[in-house]
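Hi,

Here's the structure I said I'd pass along. Have a look at it first, and then read my notes underneath.

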Amino acid sequence: MYTVVKRRVLAEAIVLLEILAPDVANKAQAGQFVIVRQMHNSERIPLTIMDFDRQKGTVTIVLQAVGYSSKLLTEMEEGDNLLDFVGPLGQPTEIKNYGTVLCVGGGVGVAPIHPIARALRDAGNKVISILAAKNKDLIILEEEMKAVSDEIVITTDDGSYGLKGFATHGVQAVLDRGLEISAIWAIGPMIMMKSVADFTKPLGIKTLVSMNPIMVDGTGMCGACRVLVGQETKFACVHGPEFDGHLVDFDLAMKRSAYFRQEEAIALHEHKCQCQKEGK
Amino acid sequence: MASKMPRHDMPRQDALARGNNFQEVALGYPLEVAVQEANRCLQCKKPKCVAGCPVGVDIPKFIQKITEREFLEAAQIIKRKNLLPAICGRVCPQESQCEAQCILGVKGEPVAIGRLERFAADYEIAQGCCKPECQAPTGKKVAVIGAGPAGLTCAAELARSGHGVTIYEALHVAGGVLMYGIPEFRLPKAIVQKEINGLKDMGVEIKVNQVVGKVTSVQELLDSGYDAVFIGTGAGLPHFLNIPGENLCGVYSANEFLTRSNLMKAYDFPNHITPIKVGERVAVLGGGNVAMDAARTALRLGAKDVYIIYRRSKTELPARAEEVENAEEEGVKFHLLTFPVEILGNEKGNVKSMVCLRYELGEPDESGRCKPLAIKGSEFEISVDTVVVAVGQGPNPLVTMTTKGLALDKRGTILADKETMATSIPGVYAGGDIVTGAATVIQAMGAGKKAAASINKYLATK
């Protein structure tokens, strides 16, 4: 059992959970993920690590309630237990001194960007972070990102906070200042990662993205997480989750992510019916 | 003469009814039938069947106990050599092992050793398992990586010798392929867990959710006080065909398909939240036991047409004859001498059909089977909604990649001594599919047992 020691609501339907899992905390590195199974009948779902504290033995994850399983997880309270918490999985981010780097987080993608930005800054990089969201209310972890970045840039689709526009506009704004950017990490919704990768490809700036496909075991056993990278099939769980954004076939990845959408709706619907019956 | 009596059939669920449920197909011998079948055994002075058993169960003796109606004793005799008899009685390929050696098989049909093993084991489980005796604690500690057939057997043998044993399992439940791979209708998961509980009663500690290679490593285990390590991480890496369209939605590896259904119980969706979908037409690529399991699972999940697509002919099917027969009875259709060259999809990226080639058989190849030769210009299209790729598995590299100094062969399997199961690292042993490549449950158990004997010797010198 893995206990929720802290819960914080970051925005509407976005929740931070700090989980007591000393073994995982002890080995976790930036860029890695965990597999979580909440109850005996739950799915195994992959979640990227937002933070870890080796002394306290905790690992922090951030969830957005989109499907049934993520919704149930966001409803957990402090003191509740997760049945299974496996990790750290996947390859860690390659951390070294690149020079000046951009860390772009879109929506909840800011969470996995956080430990990467911190590790890159600790390695001597100048870290400029871009936080992008639909509107001001959905900008999360601003203080945490400030603490691990030399500078932060905020963009919102509706202009309610920071620059008006998408993540790519934030990247453009930084490049317009004539800075030489050695590498970019972009993590967020698939469409956002694709846009950033498309934007930087003609500029020749190394761009890494973190794929979050459907997974089952997360240890290379099932191949559900296949991603096409430069015409080569890779398993996101063992070869990734980070890949060269200029080589990822995002269109295929988006289609694969949507494969069980109908079943997700059924599960969510059943859940609502169950809650109504129980008068919740 | 008892031997003139024909071999007794085992009752099975009706073929039509069972195609719609996940309950066990083979129902086991009723008590009187078991006694009658046991009476067919000639009690050979030099029993060949024992030599055919990878773990050397004293077959004539346990069968004799069944004739004497000493069923619990029969189970105890099996358990001296094999602590997972209810599992082996169900999934061992007895026809090519113990039963293949039975003298009755020369002119007629061999004694149904597997069915009798299952009977004795199930009888014991129903009565409440007796705890096997363990020797006094030695104070030595062994870490076993992987709770599949090899790891469980090795752990049980080591616990019996008085060593402290901890199993590190990557998934959330112990059992390995017995839980994620073999379907409920062939091996009920409750049976697997009961046999594993027997190990826990012997003092074996099982730590789940521990991915060795990530959360810890072989070296760290040795450094943290384990005197020896056994690696039984299996063949968990699915092979694909590398044909166009293989990443379309609706193409599953057999591992994914079976793991969703078996381990995650997707057949009980939405009571269990993991989804699986098959559509109306399912093509399973491959002809082994895993392919049969996937095809029969697809039928039970509601597919109207399920095809086994196999490059060679029926004679070469690597699956057990019994499994092929079960699949045929339930309505699985066999497209033999056929294999796809491309999978086609619709605008959503979902599978819609496969382009296949027809094959003919040529001269035997290095595997001894006739080599399939594609017939030029024979392309044709089969319309399908789901494709399950069941063409084998390779060794999972998570442990081997992170273990410095561990010698591997070019396929990535661990090089271990055939007799001692010792690897290139002192104190580290390996067995099962991670050494042989994908094989059978009982072969893995045999390897686990051999390794335990070597570990025993090794620990005595420490």
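Below is what I found on how the two domains of chain A meet.

First, a caveat: this is a predicted model. The domain assignment splits chain A into domain 1 (2-89) and domain 2 (100-257). Their C-alpha centres sit 21 Å apart, and the contact draws on 20 residues from domain 1 of chain A and 23 residues from domain 2 of chain A. Putting the two together buries about 1800 Å², with carbon and sulfur atoms giving 65% of that area.

On the polar side, there are five residue pairs in polar contact between domain 1 and domain 2 of chain A, counting pairs with both residues at pLDDT 80 or more. The rule also finds two salt bridges across this interface. If you want one to click on, try Asp51(A) with Arg118(A): it's a salt bridge whose closest N and O atoms are 2.8 Å apart.

So much for the pairs; now the domain 1 face. Which strands of chain A each supply at least two residues to the side of domain 1 that touches domain 2? They are β1 (2-11), β2 (14-20), β3 (33-37), β4 (45-53) and β5 (58-64). β4(A) gives the most, with six residues, and Asp51(A) of that salt bridge falls within the β4 range of 45-53. By class, this side of domain 1 of chain A has 13 nonpolar residues, three polar and four charged.

Shout if you'd like to go through it together.

Cheers

Methods: Residues are numbered from 1 along each chain as its sequence is written. Chains are lettered from A and ligands numbered from 1 in the order in which they are written. This is a predicted model: local features need pLDDT of at least 70, side-chain atom pairs count only at pLDDT 80 or more; totals for chains, interfaces and linings use all residues. Side-chain values use heavy atoms; hydrogens and water are left out. Domain bounds come from an automatic or database domain assignment. Contact means heavy atoms within 4.5 Å. Buried area is the accessible area (1.4 Å probe) that two parts lose on being put together, summed over both. A salt bridge is a side-chain nitrogen of Lys or Arg within 4 Å of a carboxyl oxygen of Asp or Glu. A polar contact is a pair of N or O atoms within 3.5 Å; within protein, one must be able to donate a hydrogen and the other to accept it, and residues adjacent in sequence count only if both atoms are side-chain atoms. Helices (H or I, at least four residues) and strands (E, at least two) are DSSP runs, numbered from the N terminus. Ala, Val, Leu, Ile, Met, Phe, Trp, Tyr, Cys and Pro count as nonpolar, Asp, Glu, Lys and Arg as charged, and the others, Gly among them, as polar.
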